[in-house]
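Here is a walk through one protein structure. Keep the sequence and the 3D view side by side as you read.

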Amino acid sequence: MPDVSGTKRITDVGPHDYHDFLHPVIKNNYGKWKYHEILSPAHMVHVSEAGDKIYSVRVGSPRLVSGFFIRDLCDLADKYTGGYLRFTTRNNVEFLLDKEENIEPLMNDIKKLNLPLGGIGNVVANIVHTQGWIHCHTAASDASGVTKALMDDLYEYYIDAKLPAKVRIAFACCLNMCGAVHCSDIAVLGIHRRPPKLVPDKIINLCEIPSTIASCPTNAIRPDTYNGKPNVKLIEEACVFCGNCFTVCSGMPISDPLNDGVSIWVGGKVSNARTKPSFSKLAVPYLENDPPRWPKVVEAVKTILDAYKNGAEKGERVGEWIERIGWPKFFNITGFKFTKYHIDDFRLGEATMNYSAQVRQ
Amino acid sequence: MSKKYQTPLLDELKKGKWPSFVTEIERAAEKSEMTDDLLGQVEQSYKERMGHWKHGGMVGVKGYGGGIVGRFSDLPEKYPGVKEFHTIRINQPSGFFYTSDILRKIVDIGDKHASSLYNFHGSTGDIQMLGVKTSELETIFQQLVSFGFDLGGSGSALRTPSCCVGMARCEFANYDAMNICYNITQAFQDEMHRPIFNYKFKFKFSGCGNDCTASIARADLSVIGTWKDNIRIDQDMVKEYAKKMNLHKYVTSKCPTKCMSYGETGLKIDDSNCSKCMHCINVMPKALRPGVKGGATILLGSKAPMVSGPRLSMVLVPFYDVAEDAKNGYQWFRDLIGKIWEFWDEYGVSRERVGELIQRVGIGNFLEAIGLEPLPEMVSSPRGNPFVLYEDYVEVDGEQG
Ligand code: HEM
Ligand code: HEM
Ligand code: HEM
Ligand code: HEM
Ligand code: SF4
Ligand code: SF4
Ligand code: SF4
Ligand code: SF4
């Protein structure tokens, strides 16, 4: 490490002031935009009260990218946008142009780089995903791999807007859900299914017993002694496989290739439009990990998407469609089996039961 | 360049039309040897169907308690390049706006001192520079700071706040999300860099109810744009839309509060009953615009499942006049946050998110403690359950206890 003692070290400068990175047209019309128009699934125009226009060209990215990828983007920006670009909250890249005549050449150059143009309007949006085996210790599945396999298969839905409404898919490789998958149209969630294995010597040496006990949402971890020293024991029946204990205590590894896999959830949303934001609900409780391309996961997602595309009215999100036709029909159409795992038996779960005689017969 | 490892499984993921992260890792490996070992380790994960990252490990730069996520391989002898493979979280500029110059400066650093792999961006919002050795941390940090970039948050601290594109390029924005995000991040640098909280705390700012940052699902404090006055209607444009689609079917009948109608006299909205859901405006952006008295609804408490199940944020402040508060450097907002943190600090336990704490102590008690009045906007309905904890009763004078 370089010697920093004695020198006056600069800290806490905070994020860079965004004003330095705004396109002049954006600077001039900040807060004065009048309307926008989607010109294709890959570009749109925003028009200001003064009549100024800014075009945005949207490109999909795998999120995990190399320095070369960023430099490619920079070169395109220099050539066509005066250097201005931004990223979206769902890992897309947007080039910002004031010259309409630059759109087509820019798009051609993007195609030469084999990057997908799309993502605007009633499309399958780029998949929000997490780190997986590339970078995280609690991962029950790989994020980038499943995402890539899915987007390869759903490619036509990204570049072309042919769904009843936008479909937001998310992937998280464990219940931490770094990607807020719990409110997505379709969510794929990595799950463990076997309780952690206790490694008593590690627990004694590396873990704080009280915080390990406190980490468990179901009180499955109880105090115990081992070789006369404080340790923990596990009530296996109470474990919900959340992995929280492993995060706190490395003596309780939970990953297990034979049992880890993914579950699939549907019908959540975060936008407030029409219906309130809602959680995604369980559709498929378990599919095994099947790298490198997870064909069963891809198939299940395709099944949901096809049923939705055929059944939903224009403008209906996946959850709104299912609420309209009812869950029994959803399970019927998709062929997914409804099991006891679909009934919420966790805390406050009874709130999801049907307390009425309103049953679609 | 010859490959150090055979990676038949990962190679499968180079096929297909969507850009491949495997190709990106291979490209990065041209710059950095350690990235070759990443390919080897991930291929082994694909073969064995499990990860090979060791649990935890504290790393950081002097004076900071967060911003770097320590990552160590559990197979360091086999894959020495990923023995240490930490992530540096770099606080993104508001709205994720960049110039090519600044992006090149950032990747110049990562290409030279790290694995040449990045996440643009992490789910919280940061740029993540992957694959950093402990010995390189300080160099990278100093270089970032030299051109005005700082670390993001991690651990039990304020996590990097983020916002939607807002007024910079969205006509739906009801307040300046990028500005408040920038200001609040600057104001709470200490809380971000030096973890002293019970657990993480996240802010997200969305300019309208479309909530492009998903704040209602994943920020402890969600700030979502709204307006007080009437939706601005351009009746001529409404007529244009009516030529192209069935306004009753796709607009008015989908209004959740049934506050709009369309007929001879054009589109009518009972704005006092509009819940600012954004549906009609989304469908007819050229005809309808939010009102001019913009502000935000402040909601509290959402989180992912850990530890006691997922939650959405609930209404705390129905209308916050952001523009007015901006004149005072967002002091009112900062005071509100201060009170919430104080309560959380006093009553919360380790690894308890603020939403869980409120659930535990009761929302009424929480409101009292932070000095907010209970309001009907906070609930979807009053309680139906008669077990009420009345706090006072009247005694006859001189009654014996
Ligand atoms: C003097 C009379 C009673 C007393 C002191 C009493 C006390 C309690 C207490 C302390 C609980 C605690 C629950 C908990 O902490 O989870 C409870 C639960 C309950 N009581 Fe009673 N109770 C009485 C009479 C009754 C009667 C007469 C009924 C029904 C006919 C009843 C039905 C229930 C039910 C359904 C629960 C909820 C159980 C659950 O949540 O699983 N109780 N009662
Ligand atoms: C037990 C609790 C948790 C632990 C131990 C934990 C740990 C981690 C770790 C180690 C990372 C870094 C992954 C990497 O870069 O390699 C991470 C990232 C992240 N976590 Fe968590 N996390 C927890 C809970 C949560 C929760 C409840 C949320 C959301 C509400 C969340 C949201 C995130 C986000 C958004 C990221 C960034 C991920 C990305 O960019 O892909 N985490 N977390
Ligand atoms: C302190 C607690 C409660 C008291 C003093 C109370 C009292 C009463 C009384 C006096 C009636 C009218 C009976 C009649 O006219 O024949 C009634 C009806 C009823 N109560 Fe309660 N009740 C209490 C709690 C509850 C709770 C907790 C529930 C359900 C969760 C409940 C459900 C009902 C129902 C379903 C009826 C019939 C209503 C109807 O005819 O539509 N009550 N209650
Ligand atoms: C007729 C008498 C009573 C009935 C039917 C009754 C019923 C209940 C029920 C159904 C609960 C629900 C718990 C849950 O599901 O979370 C409860 C909780 C509770 N009751 Fe009672 N109760 C009665 C009398 C009392 C009395 C006399 C006391 C104390 C002096 C008491 C103290 C409590 C406490 C402390 C809780 C737990 C509250 C919490 O933290 O959730 N109850 N009671
Ligand atoms: S979702 Fe879980 S496994 Fe995946 S990156 Fe986040 S904490 Fe790690
Ligand atoms: S995995 Fe979760 S539920 Fe199971 S013992 Fe650990 S903390 Fe408890
Ligand atoms: S949240 Fe609203 S204001 Fe912000 S970018 Fe999305 S639509 Fe625009
Ligand atoms: S914003 Fe929503 S609630 Fe308000 S008028 Fe439009 S559709 Fe109705």
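This is a predicted model. Begin with the surface. Chain A exposes about 15100 Å². Carbon and sulfur atoms supply 52% of that area.

Now take in the whole chain. Its C-alpha atoms fill a box of roughly 80 × 75 × 35 Å along the principal axes. Chain A holds 10 helices and 12 strands. It has 361 residues, and 59% of them are buried. Consider the contacts between residues at least 6 apart in sequence. Of these, 64% join residues at least 24 apart.

The charges come next. Chain A carries 42 positive and 40 negative charges. The mean positions of the two sets lie 3 Å apart.

Turn to the strands. Strands of a sheet pair through backbone hydrogen bonds, and the pairing may be parallel or antiparallel. Keep that in mind for the next stops.

Find strand β3 of chain A, residues 53-60. Is this strand enclosed or open to the outside? Seven of its eight residues are buried, so β3 is largely enclosed by the rest of the structure.

Which strands pair with β3(A)? One is β2 of chain A, residues 43-48. β2(A) and β3(A) are antiparallel and share five bridges. Here Met44(A) stands opposite Ser56(A). The two strands form a hairpin, with four residues between them. Look in the turn for Gly51(A), which has a positive phi of about 90°.

Another partner of β3(A) is β6 of chain A, residues 92-97. This pairing is antiparallel too, over six bridges. Tyr55(A) of β3 faces a partner in β6(A): it stands opposite Leu97(A).

Move further along the chain to an open sheet of four strands. What is the order of its strands? In chain A they run β7-β8-β11-β12, and the pairing is mixed. The edge strands are β7(A), residues 169-172, and β12(A), residues 281-288. Each of these pairs on one side only. From one strand to the next, the twist averages 20°.

Look inside this sheet at β8(A), residues 186-191, and β11(A), residues 261-266. The two run antiparallel and are joined by six bridges. Ala187(A) stands opposite Trp265(A) in β11(A).

One last point helps when reading any such strand. In a regular strand, side chains alternate between the two faces of the sheet.

How values were computed
Residues are numbered from 1 along each chain as its sequence is written. Chains are lettered from A and ligands numbered from 1 in the order in which they are written. This is a predicted model: local features need pLDDT of at least 70, side-chain atom pairs count only at pLDDT 80 or more; totals for chains, interfaces and linings use all residues. Side-chain values use heavy atoms; hydrogens and water are left out. Buried means under 20% relative accessible area, exposed over 50%, partly exposed in between (1.4 Å probe, protein chains only). Contact means heavy atoms within 4.5 Å. Accessible areas come from the Shrake-Rupley method with a 1.4 Å probe; for residues, only the protein chains shown count as cover. Lys and Arg count as positive and Asp and Glu as negative; His and the chain ends are not counted. The place of a charge is taken as NZ of Lys, CZ of Arg, CG of Asp or CD of Glu. Two strands pair if DSSP finds at least two bridges between them. Axes are lines fitted to C-alpha atoms, for helices over the stretch in contact, and angles run from 0 to 180 degrees between N-to-C directions.
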